[in-house]
Amino acid sequence: MGKNSQLLFDDMTFRELIGQSLKHWRRAVAIGLVMAFVLAGFTCFKSWRALPSNMTEASRLATEEQIINLQDNVELLNEQIAVQQDYIDNSILMNINPNTMISASIVYYIHVDDADSKVDKNITYAYYAMVYSGEIAECVSKLDGFSNSNYLKEIITAEINVDSEVPCVVVYVRHYDEDKANQLLNTVASVFESKKNELVATMGDFELREISRSVSVLAYPELIDTQTEAYASLSTLQSALAEKESALDELTKSITISNLVVKTLVLLPYIIYP
């Protein structure tokens, strides 16, 4: 009899406990939510430290402004990385083996009948400027395999000699393929010839004579430094991007947790005492 009474008492106590719990389910849910937020705050402690526990509206706005600035920085770094990666991938100079670079050159002599005239020097300067103009780049872009002419200025260069009795302009081409180097030289020669009539019309008659052309394989140690610097620049940009993204992630988590805690504290009284 005593054992049965004890079991009945225990059974009633258990039922009452369940009934009481069901009656106060809102409080239980609220306590559970609070515990969840405590655990979440502990997990994100690093992020939470970035902001004061009692964040004011002013500090919240300042943090949001920091987030916007970081987002702008991340966008800018992504653009810079894309440009640098494109240069590494598509620049002919970056793909040349420094030990076996093809170096091609063509030398033009400018002759004017009037020996006392300085027209020959002016014409020489005009052809020199032509090498760096967009006209040659436009013609090269039409060639097979040269659709990307953004980096031509680093592989097609020129120098002039106007102080000697024979003014001349020398055009240099650097490449990793001999046929491509010759193709570029031929394009430069074609542009020079096509522009001769325009120069004659403005400066008078002159003779444009090709006096030499050469192609050779050279070792170019300085190119190793150029290529190394390009890769180092890309690595620096990528490191800066990772740093900015990490800072952005921490700030975003911090302000998200802060906003969530504030909203919960506002709603908590309505959950406990509906």
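**View 1. The whole chain, element by element.** Helices here are DSSP runs of H or I with at least four residues, strands are runs of E with at least two, and numbering starts from the N terminus. On that basis, this predicted model reads α-α-α-α-β-α-α-β-β-α-α-β-α along the sequence of the protein chain. That comes to nine helices and four strands. The protein chain has 274 residues, and 31% of them are buried. If you take the contacts with a separation of 6 or more, 80% join residues 24 or more positions apart.

**View 2. Inside the largest nonpolar core.** This core holds 52 residues, and Y127, I156, F192 and F206 are the ones touching the most other members. Two or more residues each come from helix 4 (57–90), strand 1 (101–111), helix 5 (119–131), helix 6 (134–141), strand 2 (156–161), strand 3 (168–175), helix 7 (178–194) and helix 9 (222–272). Helix 9 gives the largest share, with eight residues.

**View 3. What sits around I156?** Zoom in on I156 and, once neighbours within four places in sequence are set aside, you find it in contact with V131, Y132 and I136 as well as V171, Y172, V173, L184 and V188. I156 is also one of the residues that touch the most other members of the largest nonpolar core.

**View 4. Y87 meets Y151.** The whole structure has five aromatic pairs, and here is one of them. The ring centres of Y87 and Y151 are 5.2 Å apart and the planes stand at 75 degrees, so this pair counts as edge-to-face. Y87 belongs to helix 4 and Y151 to the loop between helix 6 and strand 2, which puts distant parts of the chain in touch across 64 residues. Y87 and Y151 are buried.

**View 5. Another edge-to-face pair, Y128 with Y132.** With centres 5.4 Å apart and planes at 65 degrees, the rings of Y128 and Y132 pass the 60-degree mark, so they are edge-to-face too. The relative accessible area of Y128 is 29%, which falls between 20% and 50%, so Y128 is partly exposed. Y132 is partly exposed as well, also at 29%.

**View 6. A ring cluster, with a lysine over one face.** Y108, Y127, F192 and F206 are joined into a cluster by ring pairs. Among them, Y127, F192 and F206 turn up again in the list of core residues that touch the most other members. Look at F206 and you'll see K196 lying over the ring face, 5.6 Å from the ring centre.

**View 7. Helix 5 packs with helix 8.** Their axes are 11 Å apart and meet at an angle of about 145 degrees, with helix 8 covering residues 196–203. The crossing of these helices is right-handed. Helix 5 brings V119, N122, I123, A126, Y127 and M130 to the contact, while helix 8 brings K196, L199 and M203. K196 is also the residue over the face of F206, and Y127 is part of the ring cluster.

**View 8. V166 in its loop.** You'll find V166 in the loop between strand 2 and strand 3. Buried or exposed, or in between? At 41% relative accessibility, V166 stays above 20% and below 50%, so it counts as partly exposed. Leaving out residues up to four places away in sequence, V166 touches Y109 and N161. V112 is 54 residues from V166 in sequence, with 9.9 Å between their C-alpha atoms.

Note on methods: Residues are numbered from 1 along each chain as its sequence is written. This is a predicted model: local features need pLDDT of at least 70, side-chain atom pairs count only at pLDDT 80 or more; totals for chains, interfaces and linings use all residues. Side-chain values use heavy atoms; hydrogens and water are left out. A nonpolar core is a set of buried Ala, Val, Leu, Ile, Met, Phe, Trp, Tyr and Cys residues joined through side-chain atoms within 4.5 Å. Buried means under 20% relative accessible area, exposed over 50%, partly exposed in between (1.4 Å probe, protein chains only). Contact means heavy atoms within 4.5 Å. Rings of Phe, Tyr and Trp (its six-membered ring) pair if their centres lie within 6.5 Å; planes under 30 degrees apart count as stacked, over 60 as edge-to-face and the rest as tilted. A charge sits over a ring if NZ of Lys or CZ of Arg is within 6 Å of the ring centre and within 35 degrees of the ring normal. Axes are lines fitted to C-alpha atoms, for helices over the stretch in contact, and angles run from 0 to 180 degrees between N-to-C directions. A crossing is left-handed if the near helix is turned anticlockwise from the far one by less than a right angle, and right-handed if clockwise.
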